[in-house]
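Dear colleague,

I am passing a structure on to you, and I would be glad if you could look through it before reading my notes. The sequence and coordinates are placed just here.

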Amino acid sequence: MNLYFRLFLLRLRVRLRPRLGGGRPSLWDEVRTPFRVTLTDLDPLRHVNNGKYLSMLDLGRLDLMLRSGFWGAIAEHGWYPVVSAQTITYKRSLTLGQRFELVTRVLGVDDRAVYLEQTFVRRGAVVARAVVQGRFLRTAGGTVPPSELLEAAGAADRDLTVPDWVHDWAGATRISSTAA
């Protein structure tokens, strides 16, 4: 239930948020999504449960797509995003009532997927960092090639070459199509 409430607040905040510099951020910009730790985020040890971080990652990616206008573009095409792989590393704990931001940015795009880095930050200190591999599917079936995504998103103002370490990670986590 908490996720739906946060989703509602996110959508409301996106509608009410003033445009940065008179325009909306690009899909290629960094987006900061504010949060506060609530009681339902906590595990029995009274810090944010590891699964809650993954749910907040979803909201950070949605914030990037909504604010950049990319969500509307993919909806028009009948596409939707899915996570195909992710990894997260935790450095510090978050506890009840603490405010923090989730910083989301696209790392790059290759011939298979889009890669994002999402970092939880509190008072300038990194709390946790995730790398996410995403793909886009068609509601009619099939995968959307990244070339079509780039066309729908518009030109990037920076190099979208995926860093070598991300390619290594993606290769190491890939499950073969013949795996049982």
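What follows is a short account of the nonpolar cores and of one helix pair.

Please keep in mind that this is a predicted model. The largest nonpolar core comprises 21 residues, and Tyr53, Ile88, Leu94, Phe100 and Phe120 are those with the most contacts inside it. At least two residues of this core come from each of helix 1 (2-16), helix 2 (50-68), strand 3 (99-109) and strand 5 (125-138), and helix 2 gives the most, with 6 residues.

To see the surroundings of one of these core residues, you could centre the view on Phe100, which, leaving aside its neighbours within four places in sequence, is in contact with Thr33, Pro34, Phe35, Arg36, Val37, Met56, Leu94, Phe120, Val121 and Arg122. There is also a second, separate core of 17 residues, which includes Leu64, Met65, Val144 and Leu160.

Turning to the helix pair, helix 3 (residues 70-77) packs with helix 4 (residues 146-153) at an angle of about 125 degrees, and their axes lie 10 Å apart. Angles from 115 to 145 degrees count as oblique, and helix 3 and helix 4 are therefore oblique to each other. The crossing in which helix 3 passes helix 4 is right-handed. On the side of helix 3, Phe70, Ala73 and His77 take part, and they meet Leu149, Ala152 and Ala153 in helix 4; by class, this contact has 5 nonpolar residues, 1 polar residue and no charged residues.

With best wishes

Conventions
Residues numbered from 1 in each chain as written. Predicted model: local features only at pLDDT ≥ 70, side-chain atom pairs only at ≥ 80, totals over all residues. Heavy atoms only, no water. Core = buried A, V, L, I, M, F, W, Y, C linked by side-chain atoms within 4.5 Å. Buried < 20%, exposed > 50% of the residue type's maximum accessible area, 1.4 Å probe, protein only. Helix = DSSP H or I, 4+ residues; strand = E, 2+ residues; numbered from the N terminus. Contact = heavy atoms within 4.5 Å. Axes fitted to C-alpha atoms, helices over the stretch in contact; angles between N-to-C directions. Parallel < 35°, antiparallel > 145°, perpendicular 65-115°, else oblique. Left-handed = near helix turned anticlockwise from the far one by under 90°. Nonpolar A, V, L, I, M, F, W, Y, C, P; charged D, E, K, R; others polar.
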